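Here are a few short exercises to work through with the model open beside you. Try each one before reading its solution.

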Amino acid sequence: LPVMPINPIPQSRLLHQSHHPELCGCPLFLELPALYGPWMEIANNLPHLIQSHQLRSQVYKMPQLSSQHLKGHRELRLAHLALSFITMGFVWQEGEEETVKLLPRNLAVPYWEISQMLGLPPILVHADFVLANWKKKNLNGGTYENLDTIFSLPGGESLRGFILVTCLVEKAAAPGLKVQYNSYSTLLDYVDPAIFYAVIRIFLSGWKDNPAMPGGLIYEGVSDEPMSYSGGSAAQSTVLHAFDELLTIHHSKESTAFLHRMRDYMPPHHRAFIEEIQSAPSLKQHILSSGNEKLRIAYNQCVSVLADLRTYHIAIVTKFIVIAAANAKAKKGKPSHWAGNFQINPPSSLQERGTGGSGILSFLKSVRDTTRAGIIQG
């Protein structure tokens with residue numbers, strides 16, 4: 001495959017590097033102006049506050065702050081990241097048993113304002129959780145050992161591993177899918193499947209297509225009616241969308257509808273990049289009309305590698321979700337899991353669904369099979 005940039009933004013639309021630090025190799029600011037200290041104090045202490053069941057009470061005590069004093073893209077992205085993590089912890093602090101129906105005004109209003117300015121939804125998205133949620137321990141080197149997360153949730157080292165390995169998978173897309181495919185195996189070294197399934201996944205869940213929150217969530221001060229948003233998902237990553245459009249891969253109607261909806265959870269420039277590829281002359285049609293056998297073989301190799309990646313993704317999901325769910329069910333009594341001193345019941349609403357709301361295995365197998373169908377026959 002041709003080299004794809006880590007920053008999925010057309011050169012004609014690039015802003016200065018400082019406006020996209022999460023994509024150009026430098027982290028976000030790690031602090032907001034002092035006025036927003038209450039947000040940062042909570043965001044930096046989320047695992048403890050959730051594990052001690054104090055987060056909701058602390059959120060209710062937060063002052064009502066305006067977003068108008070945030071300046072520049074870095075501060076807005078860091079604020080969105082912080083409020084996203086706080087929101088997920090607030091909603092899911094007690095697991096599925098005691099979800100909330102209302103996000104309080106002092107959190108909902110500034111979160112909504114910042115989301116509107118960034119063109120992002122008011123929920124934790126892939127662009128927050130992975131692309132923006134990292135920092136270097138020192139300025140040299142981008143290896144796993146030199147990276148850390150900015151904010152965290154219950155899950156300890158497994159959560160850190162899941163975020164950072166996924167970040168490195170995104171980075172590995174630069175030289176092509178072969179490297180990205182190999183990077184997926186690193187998850188097995190850094191993430192405990194039991195902790196991922198039982199502890200981490202619920203904090204990535206949204207309030208759309210989720211039986212645990214069928215009525216959605218009211219953002220107080222924004223709307224009197226509940227709003228529904230999907231949780232973070234790998235389907236919100238720009239990378240595979242870009243390769244699908246480049247190779248003219250056509251998925252089923254249902255899968256296409258889901259994937260296109262996930263684009264609404266991407267930063268605007270990421271969506272614009274995908275749309276730019278989509279509107280360009282078809283690479284596949286060029287190869288078909290050229291009759292060039294070398295081009296056909298090269299194209300088919302690209303499609304095969306993309307299908308192989310999706311097959312490997314199915315294997316990862318099987319290990320971290322399907323098998324982990326079976327192991328949780330096999331426990332006597334009501335299944336629960338400990339992460340440090342934090343006990344939580346595995347989310348029953350996510351046993352067969354992805355955090356973005358899709359029927360996870362059926363969806364992944366469908367897009368793998370339609371990818372394979374893109375092969376040009378000789």
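**Exercise 1.** In which helix is T166 found? Then classify its burial and list its surroundings.

*Solution.* Bear in mind that this is a predicted model.
- Start with the location: T166 belongs to helix α8, which covers residues 156-172.
- Next, take the relative accessible area, which is 17% for T166. Buried means under 20%, so T166 counts as buried.
- Now look at the side chain: one of its polar atoms sits 2.5 Å from the backbone oxygen of F162.
- Finally, setting aside residues up to four places away in sequence, T166 touches H126, V130 and G161.

**Exercise 2.** Place D148 and describe its contacts.

*Solution.*
- D148 lies in strand β3, residues 147-148.
- Its relative accessible area is 25%. The partly exposed class runs between 20% and 50%, so D148 is partly exposed.
- Beyond its neighbours within four places in sequence, D148 contacts N133, W134, K135, K137, R160 and L164.
- Take K135 from that list: 13 residues separate it from D148 along the chain, yet their C-alpha atoms are 5.4 Å apart.
- Then take R160: its side chain and that of D148 form a polar contact of 3.2 Å.

**Exercise 3.** What do the buried residues of α17 pack against?

*Solution.*
- Helix α17 (residues 360-372) has 13 residues and spans 19 Å from first C-alpha to last, close to the expected 18 Å.
- Its buried residues include I360, F363, L364 and V367.
- The buried residues of α17 pack against α13 (253-262) and α16 (293-330).

Conventions: Residues numbered from 1 in each chain as written. Predicted model: local features only at pLDDT ≥ 70, side-chain atom pairs only at ≥ 80, totals over all residues. Heavy atoms only, no water. Helix = DSSP H or I, 4+ residues; strand = E, 2+ residues; numbered from the N terminus. Buried < 20%, exposed > 50% of the residue type's maximum accessible area, 1.4 Å probe, protein only. Contact = heavy atoms within 4.5 Å. Polar contact = N/O pair within 3.5 Å; in protein donor to acceptor, adjacent residues only side chain to side chain. Expected span 1.5 Å × (residues − 1).
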